[in-house]
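Work through the following exercises with the sequence and the model open beside you. Try each task before you read its solution.

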Amino acid sequence: MTKDIIAFWGYPEKNITDKTKLEHPDALWIDLDINYNYPDLKLIPENYCVIIKNIVNNAFCLKDRIIKILAPIGKDKCDSAYFISEILTLEGFDIVQTVFEDKCKDYNSLKLPISTSNLPLRKKVELITGNIIDRKDYQNLEKCTPAFGFWGVPPNDLSILELFPDNTEVFGWIRAVEAGYPGDFNIETYVKKDLPTIFFTQAFCSKTALAKYLANKYEGLFIDIDAVPNNSTKAKIEAFLKLR
Amino acid sequence: MTDIYIDAGTTWTKILEVKGDKKTYKTIKSGKLKDLYSDCKKATGHTSIKTEKYVNEAVALAMGAKKYLEKDCTVLDLGSRDIKWVKYQNGKFKDMDWNTACASATGATVEMLLKFYGLKTEDLEFTKEKYTITCGIFGLEKIMDDVSHGLKASVAVSKFVHGLAYNAYIFTKKSENICISGGFCENRCFMESLKQYANVIPLGRYVLVDGLLNENQ
């Protein structure tokens, strides 16, 4: 089978992405974080972050087509990603480890047209993650007056984002990605003090501690979901949005 | 014409029938709901019967207990399979939570324990000691161990219920004033246990159906 895929997870360092684009101009870029419904190969323990499981399942299911994997392993991703990158190396993948921990020097200069737009929340998250590679200009999006905040990472099951109204502003790692600083703790932990915000993480992710801490600090709602949300979790989000 | 409001719980369904100024409250086994009612004006909980409007349970709870919430009480609904609470501050929503993953420390477990040991709710008495039941399944193990070593089953289950009350208190972030909604209002052991930690006001089983009536008023 022809190898035609450049795979990645998280937000690979920009120079490495640019170099890889030049080396493989016709390659198909695949984000391994995303759940493409490939079979669970059970290579990862049951009680583990579902995003890391996605990475491993996607990688092995696409192994014959993957040229190389750009693998963030720094504070811009997580320790689990480091161990997975080493395991995948042992399994014969061409892994390029990247660390993207740059800090913003002028927070007032950040451009966040998607996070602050009035697009549906799911669309916002899809555009931001898609733009890691595409790098299109979205400066002309119409802004919203936010009524709610969504803090966190892109969920494994994006359908929970459809519970939120369009005037929901994006915070957390997703916002840091749009800003171009996925490892900047100040951007990741910024929220608006009086904006009712839901703090989301995947279960078994180390960001759970941060989400819980911030939810308590800002009187938001902490939600952790494993693979897919159950009805009670959805109802909890709906109640928070309705009562606030 | 009678307007019917339904709070369909996992074990019990609470019903409010409103005809003119007359209100009638009923509790039936949830398994009988579809035999007795085909539709209703508003519903909450776990039901598939036809309804003009479905209302989220936590919203129904908040609407049903609004006058207590406005006095800065935390309102806690402890059901068969889940537990949820809502808190207001200065007349506005402030905080809430809803357990969503594990039902092993809720009403269904207590009902199963009572059946397993042939006990009635009235047999349970407040005990100063409690089991730590962060996980209800581990709590069951402690009950069985203690009973096998000679502790009366009613005392062991009472210790479990005390643990459950303590969990509820912690779950509400240690609220000073807690209003209880649901069948646990009638569980003397639970109520006495919870009073060790907070001021407790029982609101009865019909808070959510009252909330359906109040919603959007």
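**Exercise 1.** Find into which domains chain A is divided, and describe how they meet.

*Solution.* Chain A falls into domain 1 (5-98) and domain 2 (107-243), with bounds that come from an automatic or database domain assignment. This is a predicted model, in which local features need pLDDT of at least 70 and side-chain atom pairs count only at pLDDT 80 or more, while totals for chains, interfaces and linings use all residues. Residues are numbered from 1 along each chain as its sequence is written, chains are lettered from A and ligands numbered from 1 in the order in which they are written, and side-chain values use heavy atoms, leaving out hydrogens and water.

Next, look at the contact, for which heavy atoms must lie within 4.5 Å: 19 residues of domain 1 of chain A and 17 residues of domain 2 of chain A take part. Between them, the two domains bury about 1,600 Å², 62% of it on carbon and sulfur atoms; buried area is the accessible area (1.4 Å probe) that two parts lose on being put together, summed over both. On the side of domain 1 of chain A, the residues that lose the most area to domain 2 of chain A are Y11(A), V50(A) and D76(A), together 33% of what that side buries.

**Exercise 2.** Work out which strands of chain A form the open sheet in which the pairing is parallel, and which of them stand at its edges.

*Solution.* Start with the terms: strands (E, at least two residues) and helices (H or I, at least four residues) are DSSP runs, numbered from the N terminus, and two strands pair if DSSP finds at least two bridges between them. Reading across the sheet of chain A, the order is β6-β5-β7-β8. β6 (168-171) and β8 (221-225) of chain A each have a single partner strand, so one side of each is left without a neighbour in the sheet. Inside the sheet, β5 (residues 148-152) and β7 (residues 197-202) of chain A are joined by four bridges, and G152(A) is found opposite F200(A) in β7(A).

**Exercise 3.** Describe how β3 and β4 of chain A are arranged, and which helix belongs to their unit.

*Solution.* First, β3 (residues 66-72) and β4 (residues 95-98) of chain A run parallel and share four bridges. Then find P72(A), which has T98(A) of β4(A) opposite. Finally, helix α3 (residues 79-90) of chain A completes a right-handed β-α-β unit with β3(A) and β4(A): with the strands pointing away from the viewer, a right-handed path from the first strand over the helix to the second runs clockwise.
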